[in-house]
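Biologist: Before I rely on any of this at the bench, I would like to go through the labels one at a time and hear the reasoning behind each.

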Amino acid sequence: MNEKIIRQVGDCKVTISFGQSNPDLKENILWSMMENYKKRLFEPDGDDAKPVKEKAAS
């Protein structure tokens, strides 16, 4: 069974194709992508960090 995952990330189109030779590869790649995403959310670099604006009390 061949399978493709296609996602648009900003201006880039990302395609990942999976074949039959390594059935665990898809799960490992998806897990790595999720871990990387979570890491960027909770541990932003100084360049990537955006200041959080606090709402003024009414």
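**Reasons behind the labels**

Modeller: This is a predicted model, and among the elements of the chain, helix α1 (residues 25–42) has the lowest mean pLDDT, 83, whereas strand β1 has the highest, 85.

Biologist: What is the mean pLDDT of the chain, and how many of its residues reach 70 or more?

Modeller: The chain has a mean pLDDT of 75, with 72% of its residues at 70 or more. Where pLDDT is low, the predicted coordinates should not be read in detail.

Biologist: Which elements does the chain hold, and in what order do they run?

Modeller: The chain has one helix and two strands, and from the N terminus on the order is β-β-α.

Biologist: How do you know that β1 and β2 are paired, and in which direction do they run?

Modeller: Pairing asks for at least two bridges between two strands; seven join β1 to strand β2 (residues 12–18), and therefore the two count as paired, running antiparallel. They form a hairpin with two residues between them, and in the turn G10 has a positive phi of about 60°.

Biologist: Where does K4 sit in this arrangement, and what is its bridge partner in β2?

Modeller: K4 belongs to strand β1, which covers residues 3–9, and its bridge partner in β2 is S17. The C-alpha atoms of K4 and I16 are 5.6 Å apart, although twelve residues separate the two along the chain.

Biologist: Which residues does K4 contact once its neighbours within four places in sequence are left aside?

Modeller: With those neighbours set aside, K4 is in contact with T15, I16 and S17, where contact requires heavy atoms within 4.5 Å.

Biologist: Why is K4 called exposed?

Modeller: The label exposed needs a relative accessible area over 50%, and K4 is called exposed because its value is 57%.

Biologist: And why is Y37, by contrast, called partly exposed?

Modeller: Y37, which lies in helix α1, has a relative accessible area of 46%; partly exposed covers the range between the 20% and 50% cut-offs, so Y37 takes that label.

Biologist: What makes the nonpolar surface patch that includes Y37?

Modeller: Y37, L41 and F42 make that patch, which has an area of about 370 Å². A residue needs over 30% relative accessible area to join a patch, and Y37, at 46%, therefore passes that cut-off.

Biologist: What share of the chain is buried, and how much accessible surface does the chain have?

Modeller: Buried residues, those under 20% relative accessible area, make up 5% of the 58 residues. The accessible surface of the chain comes to about 5,900 Å², and 53% of it belongs to carbon and sulfur atoms.

Key: Residues numbered from 1 in each chain as written. Predicted model: local features only at pLDDT ≥ 70, side-chain atom pairs only at ≥ 80, totals over all residues. Heavy atoms only, no water. Helix = DSSP H or I, 4+ residues; strand = E, 2+ residues; numbered from the N terminus. Buried < 20%, exposed > 50% of the residue type's maximum accessible area, 1.4 Å probe, protein only. pLDDT = per-residue confidence, 0-100. Areas by Shrake-Rupley, 256 points an atom, 1.4 Å probe, with all protein chains shown as cover. Patch = residues over 30% accessible without salt bridge, like charges linked within 9 Å, V, L, I, M, F, W, Y side chains within 5 Å. Salt bridge = Lys/Arg side-chain N within 4 Å of Asp/Glu carboxyl O.
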